[in-house]
Amino acid sequence: MNIMIVEHLSKSYGEKILFEDVSFGMDENDKIGVIGVNGTGKSTFLRVIAGLDEPDGGRVALNNDARITFLAQNPEFDPDITVLRAVFQGGSPELQAVSSYLEAAELLEQHPTEAGYQEQMTKWSQEMDRLQAWGLESEAKSVLSKLGIPDFSKKMGTLSGGQRKRVALASALILPSELLILDEPTNHIDNDSVAWLEAYLQKRRGALLLITHDRYFLDRVCNVMLEMDHGRLFRYEANYSRFLELKSEREEREASTEQKRKNLLRTELAWIRRGAKARSTKQKARIDRFEKLQGAKNIYKNDSLDISVASTRLGRKIVEISGLRKSIGDRLLIDDLTYIAVPGDRVGIVGPNGSGKSTLLNMIAGLIEPDQGEVMLGGTVKLGYFTQEHQEMDGKQRVIEYIKDEAEVITTADGSRITAAQMLERFLFEPAMQWTPIEKLSGGEKRRLYLLRVLMAAPNVLLLDEPTNDLDIGTLTVLEAYLDEFPGAVFVVSHDRYFLDRTVDKIMAFEGEGAVAVHVGDYSEYEERNQGITEANKEKSDATQNTSTTTTASTGTAGKESNVEKLKFSYKEQREYEAIDGMIEAAEQRIADIASNMESAASDASLLQALMTEQKAAEDELEQLLERWTYLNEMAEKIESQRNG
């Protein structure tokens, strides 16, 4: 059933057209992801559909029975109300009844002798009976817990921006509606919460319209993609993976059409220059055609970022963490963490919200002192720190002035020099936009500008704290490509599983009570390994329970095999187990070859230094392989023991 029709919708801010003559329909089972470059008007688009902003033209027609629930990117709350009451701030009768009941309960608790509060509680209790709203409170508590907000009595004013966003998300999820609109729901929630939300929305009945940068989330939740591109809207009946294929085909067609237009224009221009006579009808028509071609709007514009910025030379000593310990209040975040970074390190830092991930980055950056231990940086280290919190920007300052404050000219990896203005163009800030005051930019555009400033400093060690928050997918794709070529070390805190899989080869996991463990591999491998350990522990627990509760009443029952599922390798682990001996031999051979080359290069100091660096990297790789070999062989022994037992 069709629940909404959007017809000829248009919206502009000043001279900037956000979207123009946009039309599409939405069925009750559609789960639509909206994507596009920051600043194209995605959030405004959602607000117009939700009826919170007025369009310049066109209309949004809703089915008479359709209810809309909207989650804003930056929701606002009364700072003096509790978390639980904040969840029920809304316009529906059900939410109003629960909120009023909770308020009366709080007042009665503070003033137990006041009869008026008891009467209020009775009144709203009866109203909740009438509306059948009692289940909303327990559902709200369940959703809040899943989103990492276990204390329902906290005041909203004491929460961080990310925690407030999660409270708003809980409010949006529990309210029954035919159309749920979510603006960046995956921002500020950890990986476990994202996985839970993903599963929740997959099962939820009703239409869904959302903006998110999380590509795994789009792939698994959405069945339709709406792409906003230069004021136009393209609809794809596909998830994110299929959308990429269809988008590529569309751009190829548009590029071909534009090339044909240019070729025809070139031919007509040559004819005009030869001196066209506008006397005959035929010649007049040809001149008109030339003018039409010349005035045609170029709809094809390939917005792609290029951030090939050279980094500063990096020595052998990079970041050395030794015996690090840090507590906040009575919570132990990090206990005895030791880690030595190597050239080309790509470390993803994961863990629940509030576990200490950002605190670790701040200690590496020297912004926070550890309780014990130390962080030592090499003498050649030049840090680039892209923080989670929005940096203070002078709203009156112009875009180009903000970048020039860092560097007016930079040198790229190929040795060419690029000005700040040219670099801004590569970051999709066109010349006219470069003189725009920063306060006129969208939140995503400010984040993109801030990222450019960090990279303009030519760092050789990057600290990235939730880089995927508020950055569009196009920017993230190019940042990932940049990190592929970046010669220095990278430490990244992120809940974006796709980004972690794409960029890191080690996971530093906060596992509770101060424990921080380092695992070799990307995030999916870490998650798969954890899942295997969890299942193995569960099987072990079940086996123990079965042993303790089962009695051998006769010799016949004593010989029966247990029904416990056997411990086993995953498919990926089995392949790795079969190949790892060969990988270790290859790594050892590589080290031997390097040693031989070092003997031959004894008189060449420059070459010798390069070979020493290569040797260190090869030895580190071998050490990681041996660590993995130990884990896999121990696992194999357990499997064999279980099989023989």
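1. Let's start with the N-terminal end of things. Three strands make an open sheet here, in the order β2-β1-β4, and the pairing is antiparallel. The edges belong to β2 and β4 (57-62); each has a single partner strand, so one side of each has no neighbour in the sheet. From one strand to the next, the twist averages 10 degrees. Keep in mind as you read on that this is a predicted model.

2. A bit more on how that sheet is put together. Strand β1 (residues 2-13) pairs with β4 in the antiparallel sense, over 5 bridges. If you want a residue to click on, try M4, whose bridge partner in β4 is L62. Helix α1 packs on this sheet and touches β1, β2 and β4, with its direction making about 50 degrees with that of β2.

3. Now the aromatics, of which the count comes to 10 pairs. One of them, F19 with F45, is edge-to-face, at 5.4 Å centre to centre and with 80 degrees between the planes. The pair links distant parts of the chain, since F19 is in strand β2 (residues 16-27) and F45 in helix α1 (residues 42-49), 26 residues apart. So this ring contact joins elements you have already met: α1 is the helix that packs on the sheet, and β2 is one of the strands it touches.

4. Are those two rings buried or exposed? F19 has a relative accessible area of 0%, so it counts as buried. F45 also comes out at 0% and is buried. F24 belongs to the picture as well: ring pairs link F19, F24 and F45 into a cluster.

5. The other aromatic pair I would look at is Y339 with F491, again edge-to-face, at 6.4 Å centre to centre and 85 degrees between the planes. Y339 lies in strand β11 and F491 in strand β18 (residues 489-493), so the pair ties together parts of the chain that are 152 residues apart in sequence. Both of these residues are buried.

6. β11 leads us to another sheet. This one is open too, with 3 strands in the order β11-β10-β13 and antiparallel pairing. β11 (331-340) and β13 (372-377) stand at the edges with a single partner strand each, so each is left with one side lacking a neighbour in the sheet. On average, neighbouring strands are turned by 20 degrees against each other, direction ignored.

7. Inside that sheet, strand β10 (residues 319-328) is joined to β13 by 5 bridges, and the two run antiparallel. I321 stands opposite V375 in β13. Helix α11 (residues 357-364) lies across β10, β11 and β13, and runs at about 130 degrees to β10.

8. Two backbone spots deserve a second look. D336, found in strand β11, has a positive phi of about 60 degrees although it is not a glycine. D336 is exposed, with a relative accessible area of 55%. A458 is another non-glycine with a positive phi, about 55 degrees, and sits in the loop between α14 (443-456) and β17 (461-465). Why does A458 count as buried? Its relative accessibility is 18%, and the cut-off for buried is under 20%.

9. There are also arginines over rings. R250 lies over the face of F234, at 3.7 Å from the ring centre. The charged end of R453 sits over the ring of Y402, 4.5 Å from its centre.

10. A small point on E103, which lies in helix α3 (residues 93-110). With a relative accessible area of 34%, E103 is partly exposed. The C-alpha atoms of E103 and Y117 are separated by 9.4 Å, and the two residues are 14 apart along the chain.

11. Finally, the overall numbers. The protein chain comes to 20 helices and 20 strands. Of its 645 residues, 44% are buried. Among contacts between residues at least 6 apart in sequence, 68% join residues at least 24 apart; the F19 and F45 pair, at 26 residues apart, is one ring pair that links distant parts of the chain. The chain exposes about 33,100 Å², with carbon and sulfur atoms supplying 48% of it.

Methods:
Residues are numbered from 1 along each chain as its sequence is written. This is a predicted model: local features need pLDDT of at least 70, side-chain atom pairs count only at pLDDT 80 or more; totals for chains, interfaces and linings use all residues. Side-chain values use heavy atoms; hydrogens and water are left out. Helices (H or I, at least four residues) and strands (E, at least two) are DSSP runs, numbered from the N terminus. Buried means under 20% relative accessible area, exposed over 50%, partly exposed in between (1.4 Å probe, protein chains only). Contact means heavy atoms within 4.5 Å. Accessible areas come from the Shrake-Rupley method with a 1.4 Å probe; for residues, only the protein chains shown count as cover. Two strands pair if DSSP finds at least two bridges between them. Axes are lines fitted to C-alpha atoms, for helices over the stretch in contact, and angles run from 0 to 180 degrees between N-to-C directions. Rings of Phe, Tyr and Trp (its six-membered ring) pair if their centres lie within 6.5 Å; planes under 30 degrees apart count as stacked, over 60 as edge-to-face and the rest as tilted. A charge sits over a ring if NZ of Lys or CZ of Arg is within 6 Å of the ring centre and within 35 degrees of the ring normal.
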